[in-house]
Amino acid sequence: MEKAARRRIRKAVFPAAGLGTRFLPATKAQPKEMLPLVDKPIIQYVIEEAVAAGLTHIIIVTGRGKNAIEDHFDRSYELEKLLEARGKSDLLEQVRAISNITVSYVRQGETLGLGHAVLVAKDLVGDEPFAVLLGDDIIDSRVPCMKQMVDVFDRFGEPVIAVYQVPREEISAYGVIDGVPDPEDGRVYRIRDLVEKPRTEEAPSDLAIIGRYILTPDVFEALERTPRDSGGEIQLTNGIRALKDRHALYGYRFEGVRHDAGNKLGFLKATVEFALKREDLGKPFREYLKTLKL
């Protein structure tokens, strides 16, 4: 019983120290993670996914100019009093739900890559398995993607990496796995190798690594030994790759639709699709789109 409790996934790391240059000038003074998809910041969708998967301790890796993230998840007594006085109970409930999430913060002094961002969370994570979720990847699914991955981790007790089939011509923009399908579950792959941004003709598969991970604490030691790449960054894929000779690694082709909110076109597509799914906005927005002369 004690071993099972120790292995339970409780903590989730959210790297959020990047400069968001692909969204300039909007991100000159506003964190990219706070850009709204309809009426919620990008990062809130991902944190809500983690909470829905049963993760209880949220760790956000921030940097200079990211104070708005901390303010968003903090209590706003003045706003709550105003909403209460005006009888706006629905909005009050939403605002209080945000601030009821337990969040810790740690600063990444320099943006030295995703692997480095995960590494600076080492002391807050401690000696237990943990999740990593990237805000650029918004996943729309009936069962939260991270909940699907927690179920896979509960089965194997080894690191699990989310993968998604992408067109071959786009594969060079991703980390890619070389994996063997599990005989009992075709969505699970035993990983033989991981490659960071391979050339199209050299990619071992079309299964791209997407921004959801469940990792074991030995990844920190691996990241500490991982050399920087040609751009001076520590890549998380390379750190995980160092673990493949120690124990099993698994890829999981999750059920759901992935939106790449890390670029402008993907962000716009996600905004439209999430708006169309809304009960209060979907019908009038769809009617408006029909009037456009494209």
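## Buried, exposed and paired residues in a predicted model

Author: In this predicted model, histidine 57 lies in strand S4.

Reader: Why is histidine 57 called buried or exposed?

Author: The relative accessible area of histidine 57 is 18%. Buried means under 20%, so histidine 57 counts as buried.

Reader: What makes the pairing of histidine 57 and serine 104 a polar contact?

Author: The side chains of histidine 57 and serine 104 are joined at 2.8 Å, and a polar contact requires N or O atoms within 3.5 Å. Leaving aside residues up to four places away in sequence, histidine 57 touches Arg10, Lys11, Ala12, Thr102 and Ser104.

Reader: Which salt bridge does lysine 11 form, and what makes it one?

Author: Lysine 11 pairs with glutamate 128, their closest N and O atoms being 3.5 Å apart. The cut-off for a salt bridge is 4 Å, and the pair falls within it. Lysine 11 is in strand S1, whereas glutamate 128 is in the loop between helix H7 and strand S6, 117 residues apart. Both lysine 11 and glutamate 128 are buried.

Reader: How do you know that arginine 212 and glutamate 49 form a salt bridge, and what does the pair tie together?

Author: The closest N and O atoms of arginine 212 and glutamate 49 are 2.9 Å apart, within the 4 Å limit. Arginine 212 belongs to strand S11 and glutamate 49 to helix H2, so the bridge ties together parts that are 163 residues apart in sequence.

Reader: Are arginine 212 and glutamate 49 buried or exposed, and how do you know?

Author: Arginine 212 has a relative accessible area of 0%, and glutamate 49 has one of 8%. Each value is under 20%, so arginine 212 and glutamate 49 are buried.

Reader: What about glutamate 184 and arginine 155: how is each classified, and why?

Author: Glutamate 184 has a relative accessible area of 69%, which is over 50%, so glutamate 184 is exposed. Arginine 155, at 40%, lies between 20% and 50% and is therefore partly exposed. Their side chains meet in a salt bridge at 3.4 Å, N to O. Glutamate 184 sits in the loop between strands S9 and S10, and arginine 155 in helix H8, 29 residues apart.

Reader: Which residues are joined into one network by salt bridges, and what makes it a network?

Author: Arg10, Lys11 and Glu128 are joined through salt bridges that share partners. The whole structure contains 25 salt bridges.

Reader: Why is lysine 66 called buried or exposed, and where is it placed?

Author: Lysine 66 is in the loop between strand S4 and helix H3. Its relative accessibility is 5%, under the 20% cut-off, so lysine 66 counts as buried. The side chain of lysine 66 makes a polar contact of 2.9 Å with that of glutamate 33. Residues up to four places away in sequence aside, lysine 66 touches Ala16, Ala17, Gly18, Pro31, Lys32 and Glu33.

Reader: What makes a set of residues a nonpolar core, and which residues have the most contacts inside the largest one?

Author: Members must be buried residues of the nonpolar kinds, joined through side-chain atoms within 4.5 Å. The largest nonpolar core has 51 residues, and those with the most contacts inside it are Phe14, Leu55, Ile58, Ile60, Met146 and Ile214. A second, separate core has 31 residues, including Ala117, Leu215, Leu223 and Leu236. In soluble globular proteins, nonpolar side chains tend to be buried together.

Reader: Which residues make a nonpolar surface patch, and how is tyrosine 288 classified?

Author: Tyr288, Leu292 and Leu294 make a nonpolar surface patch of about 380 Å². Tyrosine 288, in helix H12, has 46% relative accessibility, which lies between 20% and 50%, so tyrosine 288 counts as partly exposed. The same 46% is over the 30% needed for a patch.

Reader: What is notable about phi in valine 38 and lysine 197, and how is each residue classified?

Author: Phi is near 65 degrees in valine 38, a positive value in a residue other than glycine. Phi of lysine 197 is near 50 degrees, likewise positive in a residue other than glycine. Valine 38, at 27% relative accessibility, lies between 20% and 50% and so counts as partly exposed. Lysine 197, at 52%, is over 50% and therefore exposed. Valine 38 is found in the loop between S2 and strand S3, and lysine 197 in the loop between S10 and S11.

How values were computed:
Residues numbered from 1 in each chain as written. Predicted model: local features only at pLDDT ≥ 70, side-chain atom pairs only at ≥ 80, totals over all residues. Heavy atoms only, no water. Helix = DSSP H or I, 4+ residues; strand = E, 2+ residues; numbered from the N terminus. Buried < 20%, exposed > 50% of the residue type's maximum accessible area, 1.4 Å probe, protein only. Polar contact = N/O pair within 3.5 Å; in protein donor to acceptor, adjacent residues only side chain to side chain. Contact = heavy atoms within 4.5 Å. Patch = residues over 30% accessible without salt bridge, like charges linked within 9 Å, V, L, I, M, F, W, Y side chains within 5 Å. Areas by Shrake-Rupley, 256 points an atom, 1.4 Å probe, with all protein chains shown as cover.
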